[in-house]
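Subject: A structure for you to look through

Hi,

Here is the structure I promised. Please open it and keep it on screen while you read my notes.

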Amino acid sequence: MSSSVKGFMIRWGAIITGIVVGILAPVLVKLGNPGNMGMCVVCFTRDTAGALGLHRAAVVQYIRPEIVGLVLGALIAALAFREFKPRTGSSPFVRFILGVFASFGGLVFLGCPWRAYLRLGGGDLNAIFGILGLVVGIVIGIAFLRSGFSLGRNWPAPKAMGWVMPVVMIAMLVLLLAAPQFGRDADGNAIGPIFFSTSGPGSQHAPIFIALGIGLLIGFLAQRSRFCTVGAFRDAILMRDNYLLKGVIALIVAAVITNLALGQFSPGFADQPIAHTNSLWNFGGMVLAGLAFTLAGGCPGRQFFLTGEGDGDAAVFVTGMLAGAGFAHNFGIASSASGPGLYGPAIVIIGIVVCVIIGLTMRDTKLLGGA
Amino acid sequence: MSELRSIDARGLSCPQPAMLVRLAIQKTGKGTVTVLVDSDTARENVSRLGKNSGWAVTVQEKPDSSYRIVLTK
C-alpha cells in the first residue's frame, strides 16, 4: 500500500472509521441487532460468554460474529501493513482483572463506550450520564498516568503467540455455524454446550455473514486509524490531541443522521432499548469502565484490534472481559431494563476501589524521571 | 546541537510513549529529544505530538523493526 494512503489514514483515519461505524451500526440494528446495539463490544462479549455457557441468562446468549470480524479485520490490516508484531509480558494478570471490572462497569450501564455513543446517536439521553461517567473515569486514570502509573513494558514474542486469539476467533465462528448440541439434561433433552437465546436481545441479530463482514471492515479500518473510544477523551485531555476525539464526534453525528434516515431515532429517557433510567448507576458504571479501560491503555474495541496485531496482553484483557461478563450475570451485577442488578452498585464501588489501588501501586516513576 | 534527552518508550502502552515525550519537550523547551518506540501507533502518536508542538521530526526504522524518532527545535 502506498505511503500516500498511509498518510491519508494517519490524518483522516479516525474520522473515516467513526463515520463508517456511525452508519453501519444502525444498519445492523435495521438488519436485526437489538436497538442501539449495532456495535457494542462489551454486550457482544457478554452474549458470547452466554453462548459458551459462562452464564445462563437465557436472553443474552449468542456468539456475535461482529467481534470475530473485529479481530480478523485488524489481523488482515496488520499483516498487510507489516504491523503484526506479537508481544506480551506487561502485567497480564492485572490486565485480566481490569477486563473483569471493565465488563462489570459496562454491564451496569448496559453498554461500553461504543454503545454509549451509539445510544446517544439513537436518541437515548440516558447515555449522557454514561458518557459523563466515562469521562470522569478517564480523568481519574489520567491522574494515575501523570503520577507514574504503568503496567510495565511488553516484549516481542514468537509469531505463533500472536495467532492465538485470531485462531480462537475462527473457532468461535465455527461454533456459531455448527452450534453443537450434544449436552443432555436429566430428561435427555439437548442442552448446550453452545446456547443461543430464543427470545430477548440474544435472539436479535443481523444475518451472520453481513455482521461478520461489517466487523471485518471496522476491524480493518480501526487497526489502520488506531480508533479508540477511550483514547478520544484521554488524548484530548492529557495531550491536547483531538485526532481520536474527532472520530468519536463523527461517529455520533453519523449515527444520528443514519438513525433519522432509518426511522430509528427516538429522543428521550424512558423506554429506550436495552437501557435503564437510573442516572446515578449509568454514571457510576461508566466511571468504573472508563477507569479500567484507561489503566489498560484503551477501549474494549481497541483491545480487540490489538489482539489482531498479536498483542497477547490485550488478549488477556479480552479474556478478562469474557470472564467478567459471565460473572456479571451469575452474581446479579448486570443491569436490566428495570434498573441495576442487586449487586451492581456495590460491585461498581468495589471495582473503583480495586482500580484505584492498581493505579496507586503499579507505578514506575523512573519512567517520568527519564522524560 | 547537543542531545539533551533520550527516552526509551519501547513496549509501553498508550498513552505513555507520547505522554513521556510531551513531558520531555515541555521540560527541554528546545534542543534534541530522541525516542525509541516499537509500535507503529506510538511512532504516529509521538510524531504527531512533535509536529503539533512545532518540533522537527525524523523517523528512522531500525533492523529490529523498532523506530528511533528524533525531535529537534
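Let's start with two helices. In chain A, helix 2 packs against helix 14 (residues 312-330) at an angle of about 70 degrees, and their axes are 8 Å apart. That makes helix 2 of chain A roughly perpendicular to helix 14 of chain A, because angles of 65 to 115 degrees count as such. On the helix 2 side of chain A, the contact is made by A:V42, A:T45, A:R46, A:T48 and A:A49. Helix 14 of chain A brings A:M321, A:L322, A:A325, A:G326 and A:A328. Sorted by class, this contact of helix 2 with helix 14 of chain A has six nonpolar, three polar and one charged residues.

One caution before you go on: this is a predicted model.

**A second partner for the helix**

Which residues of helix 4 of chain A does helix 2 of chain A meet? They are A:S103, A:G106 and A:L107, and they face A:V42, A:T45 and A:R46 of helix 2 of chain A. The axes of helix 2 (residues 41-51) and helix 4 (residues 92-109) of chain A come within 10 Å. They cross at roughly 105 degrees. That makes helix 2 of chain A roughly perpendicular to helix 4 of chain A. By class, the contact of helix 2 with helix 4 of chain A has two nonpolar, three polar and one charged residues.

**A covered helix**

Now look at helix 5 (residues 113-121) of chain A. How many of its nine residues are buried? The count is nine of nine, and the helix is mostly covered. Among the buried residues of helix 5 of chain A are A:W114, A:R115, A:Y117 and A:R119. The cover for the buried residues of helix 5 of chain A includes helix 1 (3-30), helix 2, helix 6 (127-146), helix 11 (243-262), helix 12 and helix 13 (300-308) of chain A. Just after helix 5 of chain A, A:G123 takes a positive phi of about 100 degrees.

Helix 6 of chain A holds A:I142. Is A:I142 buried or exposed? It is buried, because 21 other C-beta atoms lie within 10 Å and the cut-off is 20 or more. Leaving out residues up to four places away in sequence, A:I142 touches A:R234, A:I237, A:L238 and A:T294. A:S266 is another matter: its C-alpha atom and that of A:I142 are separated by 34 Å, with the two positions 124 residues apart along the chain.

**The cores**

In soluble globular proteins, nonpolar side chains tend to be buried together. Here the largest nonpolar core has 130 residues. Those with the most contacts inside it are A:V71, A:A292 and B:V21. Helix 12 (residues 279-296) of chain A gives the most to this core, with eleven residues. Take A:V71 as an example. Not counting residues up to four places away in sequence, it touches A:M165, A:P166, A:M169, A:G219, A:F304, A:T307 and A:G308. Apart from the largest core lies another, of five residues, among them A:Y62, A:I63, A:L176 and A:F195.

**Where the chains meet**

Chain A puts 24 residues in contact with 22 residues of chain B. On the side of chain A that touches chain B, helix 10 (231-238) and helix 16 (365-370) of chain A are the elements that give two or more residues. Helix 10 of chain A gives the most, with four residues. By class, this side of chain A has ten nonpolar, seven polar and seven charged residues.

**The sheet in chain B**

Finally, chain B. Four of its strands form an open sheet in the order 1-2-4-3, with mixed pairing. Strand 1 (5-8) and strand 3 of chain B stand at the edges with a single partner strand each, so one side of each has no neighbour in the sheet. On average, neighbouring strands of this sheet are turned by 15 degrees against each other, direction ignored. Helix 1 (residues 16-28) of chain B packs on the sheet and touches strand 1, strand 2 (32-37) and strand 4 of chain B.

Strand 3 (residues 56-61) of chain B is hardly covered: zero of its six residues are buried. It pairs with strand 4 (residues 67-72) of chain B in the antiparallel sense, over six bridges. In strand 4 of chain B, B:L71 stands opposite B:V57, and B:V70 stands opposite B:T58. The hairpin of strand 3 and strand 4 of chain B has five residues between the strands, and B:S65 takes a positive phi near 65 degrees there.

Best wishes

Notes: Residues are numbered from 1 along each chain as its sequence is written. Chains are lettered from A and ligands numbered from 1 in the order in which they are written. This is a predicted model: local features need pLDDT of at least 70, side-chain atom pairs count only at pLDDT 80 or more; totals for chains, interfaces and linings use all residues. Axes are lines fitted to C-alpha atoms, for helices over the stretch in contact, and angles run from 0 to 180 degrees between N-to-C directions. Angles under 35 degrees count as roughly parallel, over 145 as roughly antiparallel, 65 to 115 as roughly perpendicular and the rest as oblique. Two residues are in contact if their C-beta atoms, placed from the backbone, lie within 7 Å. Ala, Val, Leu, Ile, Met, Phe, Trp, Tyr, Cys and Pro count as nonpolar, Asp, Glu, Lys and Arg as charged, and the others, Gly among them, as polar. A residue is buried if 20 or more other C-beta atoms lie within 10 Å of its own, exposed if 12 or fewer, and partly exposed in between; C-beta atoms are placed from the backbone. Two strands pair if DSSP finds at least two bridges between them. A nonpolar core is a set of buried Ala, Val, Leu, Ile, Met, Phe, Trp, Tyr and Cys residues joined through C-beta atoms within 7 Å.
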